[in-house]
Amino acid sequence: SIYEMFGNECCLSTGEVIKVIGFKINKLIATICENNEVNRFSAKVELPLNFPGLYKVVADKTPYVSIKEITRKVSIGPTRFGHPCFYSPEDIKLSNFTIKHGEQITFTSVEEVNGTMAVNCVMVRNNQTHSFTLPLSQEGKFYECEDDQIYTLKEIAEWKIPKCRNRIVKLFNTLHMWDSSNPLPENFDGCLILMPVYEVQAVMKFRKDIVHILSNLDVEIKDITDCYDSSSFLQPLSLEDVFERTSMEFPMVAEIMEGPSESQNPYNLLSTGKEIIIYKKYQAARVLASEIRSDSPKRHFLIPMSYKGKFKRRPRELPTAYDLEIARSEKEQLHVVATKAFASPRKEFFSVSVGDQFLVQQCQTSEIPYEGRKKFVDVLACEQILSDTYKKVLLPMYMEGSFVEVIHDKKWYHLSEICKEFRLPFNVKVSVRDLSIEEDVLAAVPGLQFEEEITDSYLLISSATNPVESWEIPVYRLNMLVHLLSKDVQGVVPPVTKTTVEEISEEQYYMMRRYENQTLHPPPRPPKKPT
């Protein structure tokens, strides 16, 4: 059989031995549904995996009948996406522990325990985490738990669609303006039933690339796994697979079997067939920054601490008195000017006019008469700047005005200095670009907001044939496959690391903020106006 895939012709000859290395969803067929049922008047539309938008997963109402069925159909893996949650409508009695009906069980990994395959699980009860295992032979009804996270279509396709099942999702955020090329109706905010279309990923004896075979290709095959030495085939590894190797195994030489897309390949180094040296794996700090602009979409960046440019401060816009309290610091006094008037309903609090200037002091509690009794409310103590004096005033924390910061600091800062001396978020503009970068993308941005400092996983690599400089490549945002070569590079020292500012998509930005903040409690909402 001869077929064409992605513009490349591939021949499957009679007797050809193919090693199947995986199944991958190639695209999704979506149908609009109402009340979790297909709308019979709705047409099916084809959605690519990079279709923009964020989605919530609707829990599958059909139960699984055993732990074994879950492990066969549901993706369970080391990343945060691969930890599905289930509950049982009945108590499950273990040797030293009883799982009560309805309690959420998180599956973290599958491994052999005392000669029996089992799933490692965790469960939280009374704010205490309990770890235990469930054998694959455990039977019963297991239902998916509701999932409050948001995902891209690509993440759903890779982790959240069980084998042999469809998946219902609800649109959470479109991220982009609707246009006529969008296959979904304008202003659509409902649910979709996603039906996956698979492709088979395989390696062949005399090819070094990955072969993609559509699942509907009409060829006859025979399973010869038990009578063939599969070790003679190349073993493709993803960057996640490489990262899971022990630190003692680095450095290593690898050949790229499938490089990333052009948009993900800023170095022209990571193309198929190129050999690279992977020196080490590690966690590295980045500052997540967004372009300051009133319209959308904004550009988003990950800036390494090695960035050599300098920044000067830009004023922050602070919409409420509550934001003034969050923005103030012990290092310097916060000076703001009002851009919106506020008429106080009480004589104890100050009425703000446009153009009023204030020095923010501190948050305190004030006592006011309320319905014949005394009531305590949170207020912000400030000094109003007058022509030749200062006037002490109180602003209620529920005040909804608008303020702009007045910057007196003219100093230029390195990135590390800003992270050390100031509280994020923080507004800046590049004053001196990084001369070590051929094209510093940050220099052309009129304003940046540093949102938070994050930690991410990276591999340090260089070209194997011309290792004049090395790069940090992100493990979880770069899609490529490699196979390891048996070349000795022990003791090889990596060349100087090239500073790279990574521009990320809006979907990646949302994903990063979602997971970086999941262990932190959000700040309390501003207090409401007393009624």
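**Figure 1. Lys 280 and Tyr 282 in a charge-over-ring arrangement of the predicted model.** In this predicted model, the charged end of Lys 280 lies over the ring of Tyr 282, at 5.1 Å from the ring centre. A second arrangement of this kind involves Lys 281, whose charged end sits over the ring of Phe 243, 5.2 Å from its centre.

**Figure 2. Domain assignment of the chain and the contact of domain 3 with domain 4.** Four domains are assigned to the chain. Domain 1 consists of residues 1-59 + 146-234, and domain 2 covers residues 64-145. Domain 3 is made up of residues 235-314 + 407-519, while domain 4 spans residues 319-405. To the contact, domain 3 contributes seven residues and domain 4 contributes six residues. A distance of 41 Å separates the C-alpha centres of domain 3 and domain 4.

**Figure 3. The open six-stranded sheet that runs from β7 to β13.** The strand order is β7-β14-β8-β11-β12-β13, and the pairing is antiparallel. Strands β7 (64-66) and β13 (128-135) form the edges, each pairing on one side only. With direction ignored, neighbouring strands of this sheet are turned against each other by 45° on average.

**Figure 4. Pairing of edge strand β7 with β14, and the ring cluster of Tyr 64.** Strand β14 (residues 139-144) pairs with β7 in the antiparallel sense, over two bridges. Within this view, Tyr 64 stands opposite Phe 142 of β14. Tyr 64 also belongs to a cluster in which ring pairs link Tyr 64, Phe 86 and Phe 107.

**Figure 5. The open six-stranded sheet that runs from β23 to β27.** Here the strands follow the order β23-β28-β24-β25-β26-β27, with antiparallel pairing. Strands β23 (317-320) and β27 (390-396) are at the edges; each has a single partner strand, so one side of each is left without a neighbour in the sheet. From one strand to the next, the twist averages 40°.

**Figure 6. Pairing of strand β26 with edge strand β27.** Strand β26 (residues 373-385) and β27 are joined in the antiparallel sense over seven bridges. Leu 380 stands opposite Leu 395, a residue of β27.

**Figure 7. The edge-to-face pair of Phe 311 and Phe 450.** The count of aromatic pairs in the model comes to 13. One of these, between Phe 311 and Phe 450, is edge-to-face, with a centre-to-centre distance of 5.1 Å and an angle of 85° between the planes. Phe 311 belongs to strand β22 (residues 310-313) and Phe 450 to strand β30 (residues 448-463), so this pair ties together parts that are 139 residues apart in sequence. Phe 311 counts as buried because its relative accessibility is 0%, and Phe 450 is likewise buried, with a relative accessible area of 0%.

**Figure 8. The edge-to-face pair of Phe 358 and Phe 403.** The ring centres of Phe 358 and Phe 403 are 6.4 Å apart, and their planes make an angle of 75°. The pair links distant parts of the chain, since Phe 358 lies in strand β25 (residues 357-370) and Phe 403 in strand β28 (residues 400-405), 45 residues apart. Phe 358 is buried, its relative accessible area being 1%. Phe 403 is also buried, with a relative accessible area of 1%.

Note on methods: Residues are numbered from 1 along each chain as its sequence is written. This is a predicted model: local features need pLDDT of at least 70, side-chain atom pairs count only at pLDDT 80 or more; totals for chains, interfaces and linings use all residues. Side-chain values use heavy atoms; hydrogens and water are left out. Two strands pair if DSSP finds at least two bridges between them. Helices (H or I, at least four residues) and strands (E, at least two) are DSSP runs, numbered from the N terminus. Axes are lines fitted to C-alpha atoms, for helices over the stretch in contact, and angles run from 0 to 180 degrees between N-to-C directions. Rings of Phe, Tyr and Trp (its six-membered ring) pair if their centres lie within 6.5 Å; planes under 30 degrees apart count as stacked, over 60 as edge-to-face and the rest as tilted. Buried means under 20% relative accessible area, exposed over 50%, partly exposed in between (1.4 Å probe, protein chains only). A charge sits over a ring if NZ of Lys or CZ of Arg is within 6 Å of the ring centre and within 35 degrees of the ring normal. Domain bounds come from an automatic or database domain assignment. Contact means heavy atoms within 4.5 Å.
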